[in-house]
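Dear colleague,

Please find below the sequence and the structure that I am handing over to you. My notes on what was found follow directly after them.

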Amino acid sequence: MGKETGFLELDRQDRSYAAPEERLQHYKEFTIPHSEGELKGQASRCMNCGIPYCHNGCPVNNIIPDWNHLVYTNEWREALINLHSTNNFPEFTGRICPAPCEAACTLNITDAPVTIKSIECAIVDKGWEEGWITPEPPKQRTGKTVAVVGSGPAGMACAQQLARAGHSVTLFEKNDRVGGLMRYGIPDFKMEKHLINRRAGQMEAEGVHFRTSTEVGVDISMKTLKENFDAIVLSGGAEEARQLDITGAEMSGVRLAMEFLTQQNKRNAGDDEQRAAPRGTLTATGKHVIVIGGGDTGSDCVGTSNRQGAKSVTQLEIMPQPPEKEDKLLTWPHWPLKMRTSSSHEEGVDRDFSVLTKRVVGENGTVTGLECVRLEWEGREMKEVEGSNFTLPADLILLAMGFTGPRKTGMLDQAAVEHDARGNVKANTIDYRTSDENVWACGDMRRGQSLVVWAIREGRQCARSVDEALMGRTDLPR
């Protein structure tokens with residue numbers, strides 16, 4: 001794989017970013033890609049490690065050493081074929097996946113993994129530039145019909161695979177555009193939405209029929225779907241946001257992160273303010289912003305707040321601050337817990353850990369501050385530090401504390417399928433079938449809040465199960 005001594009001759013060099021003062025002026029992607037020569041050098045670092053742990057680190061099981069070698073030998077089109085054999089949408093994962101494959105790379109033992117994510121992104125971007133990526137319609141139709149409900153990465157992957165198998169696929173989406181939280185939850189500066197539009201165009205040419213602005217369970221019933229489709233796939237995501245249960249949280253200045261992010265993404269898409277913000281305009285301009293939640297969604301709120309011109313941005317996390325560096329002997333090749341600083345953090349934010357929110361402070365229903373207390377952690381047990389209460393100034397408090405599972409009202413109530421102990425739709429990872437034999441579930445709706453790459457994996461595997469159930473056999477990959 002690569003060059004036998006490549007990892008000894010070249011250091012890891014990842015993609016760079018435009019300067020913060022430049023990128024804060026817009027919502028476009030600001031990653032500066034490698035040149036082809038640089039990519040060839042980085043691909044050459046993929047060593048003959050014997051056991052490619054990166055395979056197991058990647059949820060879609062990308063054949064990473066193979067396409068690294070193909071880039072090294074300038075066989076870009078073959079690299080693209082290899083990459084697409086396991087991943088329908090590498091341009092999504094090449095931008096917003098946290099790259100567990102790199103954590104599992106053998107060279108990560110010395111903190112210098114191969115730049116797998118950057119190479120993946122470069123392969124698929126070149127494929128689009130060269131015109132190598134075209135629709136792949138089936139050679140013949142099966143006459144079978146499938147409804148896929150939810151057009152996030154799981155639903156898109158499932159629908160594309162089933163359409164290529166020859167089935168007539170209708171992809172239902174309650175919002176006005178396809179993409180799910182990739183469209184409305186991921187800021188454009190991390191992934192521009194023309195990438196989703198381009199894939200949707202390919203899928204339409206392959207036979208997928210999109211029905212946007214159609215909420216199953218409201219605009220069309222599950223009963224109607226069962227009467228008109230041979231199979232139904234539930235891929236609606238985990239949209240039930242965790243709420244803040246403290247005094248004052250009912251004030252109008254306390255809002256969900258997804259509402260905040262969705263509004264800005266709709267503005268970026270050209271929507272007027274009435275369409276972008278039906279409940280009223282929500283911006284951080286000139287405000288003291290507090291983001292509660294230390295994950296990726298919280299980071300996205302930080303980056304968006306700074307672009308909107310917030311007066312200050314503070315991000316709070318209830319858990320203790322992770323170590324700067326993980327213990328390789330305990331964690332490798334698994335995903336490690338360690339301090340992570342995103343590009344949005346680098347643009348300006350005060351981060352605080354081991355903080356518990358106690359009360360939202362306000363005057364006449366308007367948020368003015370957030371009362372907090374510091375915590376001590378002993379294992380999994382937390383204890384408030386006596387006398388450590390403090391109040392932060394706040395005009396806008398954004399809740400980015402994760403999701404508790406799929407929404408139950410509407411579609412799931414009508415589907416009447418079983419749920420697991422966590423409130424997700426119950427289905428295993430062998431056949432993805434629910435308690436209704438004609439209904440399948442995949443992605444976050446089945447597994448709970450997770451990564452885009454896991455959603456793509458589940459969508460692909462679910463499609464294989466549906467195809468096998470409808471046809472008695474399947475050629476779709478698992």
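**Cysteines**

Cys46 counts as buried, at 7% relative accessibility. Please bear in mind here and throughout that the model is predicted. The closest cysteine sulfur to that of Cys46 belongs to Cys54 and is 6.1 Å away, which is too far for a bond. Cys372 is buried as well, with a relative accessible area of 0%. Its closest cysteine sulfur, in Cys301, is 17 Å from the sulfur of Cys372, again too far for a bond. A disulfide would require two cysteine sulfur atoms within 2.5 Å, and the structure holds 0 disulfides.

**Overall architecture**

The secondary structure of the protein amounts to 21 helices and 18 strands. The radius of gyration is 23 Å, close to the 23 Å that the globule rule gives for 478 residues, so the protein is as compact as a globular protein of that length. Measured out along the principal axes, the C-alpha trace spans about 70 × 60 × 45 Å. Of the 478 residues, 54% are buried. Among contacts between residues at least 6 apart in sequence, 68% join residues that are at least 24 apart.

As for the surface, the protein exposes about 21400 Å², and carbon and sulfur atoms supply 48% of that area. There are 56 positive and 67 negative side chains, and the centres of these two sets lie 3 Å apart.

**Helix α3 and its neighbours**

Helix α3 covers residues 36-44, and its buried residues are Leu39, Gly41, Gln42, Ala43 and Ser44. Which helices do the buried residues of α3 pack against? They pack against α1 (6-9), α5 (64-72), α6 (76-84) and α9 (116-130).

**Phe353 and the loop after β10**

Phe353 has its place in the loop between β11 (350-352) and β12 (355-363). Its relative accessible area is 14%, and Phe353 is therefore buried, the cut-off for this class being under 20%. Leaving aside residues up to four places away in sequence, Phe353 touches Glu317, Met319, Pro320, Gln321, Pro322, Met339 and Arg374. Ile318 is 35 residues from Phe353 along the chain, and the C-alpha atoms of the two are separated by 6.0 Å.

One of the residues touched by Phe353 is Gln321, which lies in the loop between β10 (312-316) and α17. Is Gln321 buried, partly exposed or exposed? With a relative accessible area of 46%, Gln321 is partly exposed. Not counting residues up to four places away in sequence, Gln321 touches Met339 and Phe353. Gln321 and Arg340 are 19 residues apart in sequence, and their C-alpha atoms are 10.0 Å apart in space.

Glu324 is also found in the loop between β10 and α17. Glu324 is exposed, its relative accessible area being 60%. With residues up to four places away in sequence again left out, Glu324 touches Lys338 and Met339. Met339 is thus among the residues touched by Phe353, by Gln321 and by Glu324. The C-alpha atoms of Glu324 and Ser35 are separated by 31 Å, and these two residues are 289 places apart along the chain.

**Backbone details**

Three points of backbone geometry may be of use when you inspect the loops.

- The peptide bond from Trp332 to Pro333 is cis, with omega near 5 degrees. Pro333 has its place in the loop between α17 (328-331) and α18 (343-346).
- Asp111 has phi near 60 degrees, a positive value in a residue other than glycine. Asp111 is found in the loop between α8 (100-104) and α9, and at 36% relative accessibility Asp111 counts as partly exposed.
- Asn364 has phi near 55 degrees, likewise a positive value in a residue other than glycine. Asn364 is found in the loop between β12 and β13 (366-378), and Asn364 is exposed, with a relative accessible area of 85%.

Yours sincerely

Technical notes: Residues are numbered from 1 along each chain as its sequence is written. This is a predicted model: local features need pLDDT of at least 70, side-chain atom pairs count only at pLDDT 80 or more; totals for chains, interfaces and linings use all residues. Side-chain values use heavy atoms; hydrogens and water are left out. Helices (H or I, at least four residues) and strands (E, at least two) are DSSP runs, numbered from the N terminus. The radius of gyration is taken over C-alpha atoms; the globule rule is 2.2 Å times the number of residues to the power 0.38. Buried means under 20% relative accessible area, exposed over 50%, partly exposed in between (1.4 Å probe, protein chains only). Contact means heavy atoms within 4.5 Å. Accessible areas come from the Shrake-Rupley method with a 1.4 Å probe; for residues, only the protein chains shown count as cover. Lys and Arg count as positive and Asp and Glu as negative; His and the chain ends are not counted. The place of a charge is taken as NZ of Lys, CZ of Arg, CG of Asp or CD of Glu.
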